[in-house]
Amino acid sequence: MSRKPIVGGNWKCNPAKLADAKALIEAWQSKSFNKEKVDVVVAPTALHLGSIKTSLEGLGIEASTQNVGKNDMGAFTGEWTAAHLVDMAVPWAIIGHSERRSKYGETDEDTAVKVEMCQAAGVKVIFCIGELLEEREAGKTDEVNKRQLAAVLPKITNWDLIVIAYEPVWAIGTGKVATPEQAEETQAAIRAYLKEAVGAEVADKVRIQYGGSVTPENCADLIAKPNIDGFLVGGASLKPTFMDIVTACQS
C-alpha cells in the first residue's frame, strides 16, 4: 500500500521569542512543498501556537500541540483538554514523547488515557514510542515498542487519526542516528506487530515516522526505506532547511 509521507516538527521549548518563530516561518516561505504528496505538522510551544497558527496554515502546515491532558474540564491547573484543541481548531497532538515519559513521569497508562480522549474528540495524534540505549543494547527494542503500543491499541477505534513515531531515545538530540537499516528493521517489526495485534489492513495503512537527529543530509536515505513514512523532527525543524526535509519526502 502506498502511504502519504508525513513530516512533523516538534519545536519543544523553543524558540526563545515569538519574533524568532515568525521569522522562521517567513524563511520557510521561500521553499514550497506539494501538499498532495506530503503532510506537514508543526508543534510550537503552547504559548506561541495561537500567534503563529494562521501563518503555518498559510503554508499548508497543520498545527499541533506537544502534549494534551488526560483530563476533562475542571480543576486541573496547567492542563488543556482534547476538547480545547477542537474548539481552537488545532487538529493534532503529540502523545508519549520520550521527554514526557522520562522527565515528567508519563506512564503507558497515561498515554492510553490521552489517546482515548483524543479519539473521542476527533483529534489526530502522533504517538511516540522508542527504546533507551540500554534497552537497545540489551536487545529489548521490539519488546519496548510492543509494550508502549499495547497500552494504547484497545483505545484506538479510528486509525485514520493515528500516526506512530518511532524515536530511539538514544538518537534524540544526540547527533547519533539509527542507520537506515536499523530504522527500517525496527519499523518493519512495528508494522508486523500491528498486523498481528490489529490486522493487516491497519498495519498496511498506518504511517510510521522515524525520529532521532534527522537532518537534510540523512533524510533521503531514511525515507527511501519502505517502512519509513516520514519523520518527527526536533532541532532541525527550527531551521530554514527544515523544508529540505519536507521536500525530500514528496518525491
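These numbered points concern backbone geometry and the packing of one helix in a predicted model.

1. The loop between strand S1 (6–10) and helix H1 (18–28) deserves a first look, since two of its residues carry backbone features worth checking. Pro15 lies in this loop, and the peptide bond leading into Pro15 from Asn14 is cis, with omega near -10 degrees. Lys12 is found in the loop between S1 and H1 as well, and the phi of Lys12 is near 55 degrees, a positive value in a residue other than glycine. As background, most peptide bonds are trans, and most residues other than glycine have a negative phi.

2. A positive phi is also seen at Ala89, where the value is near 55 degrees and the residue is again not glycine. Ala89 sits in the loop between helix H3 (82–87) and strand S4 (92–95), and Ala89 counts as partly exposed because its relative accessibility is 47%.

3. Helix H7 (residues 141–152) has 12 residues, which at 1.5 Å a residue should span 16 Å, and the end C-alpha atoms are 18 Å apart, which agrees.

4. Which residues of H7 are buried? They are Thr141, Val144, Asn145, Gln148, Leu149 and Val152. These residues lie on the same side of H7, because they cover an arc of only 125 degrees around the axis.

5. The buried residues of H7 pack against several elements, namely the helices H4 (98–104), H5 (108–121), H6 (133–137) and H8 (180–198), together with the strands S5 (124–129) and S6 (162–166).

Methods: Residues numbered from 1 in each chain as written. Predicted model: local features only at pLDDT ≥ 70, side-chain atom pairs only at ≥ 80, totals over all residues. Heavy atoms only, no water. Helix = DSSP H or I, 4+ residues; strand = E, 2+ residues; numbered from the N terminus. Buried < 20%, exposed > 50% of the residue type's maximum accessible area, 1.4 Å probe, protein only. Expected span 1.5 Å × (residues − 1). Arc of directions from axis to C-beta. Contact = heavy atoms within 4.5 Å.
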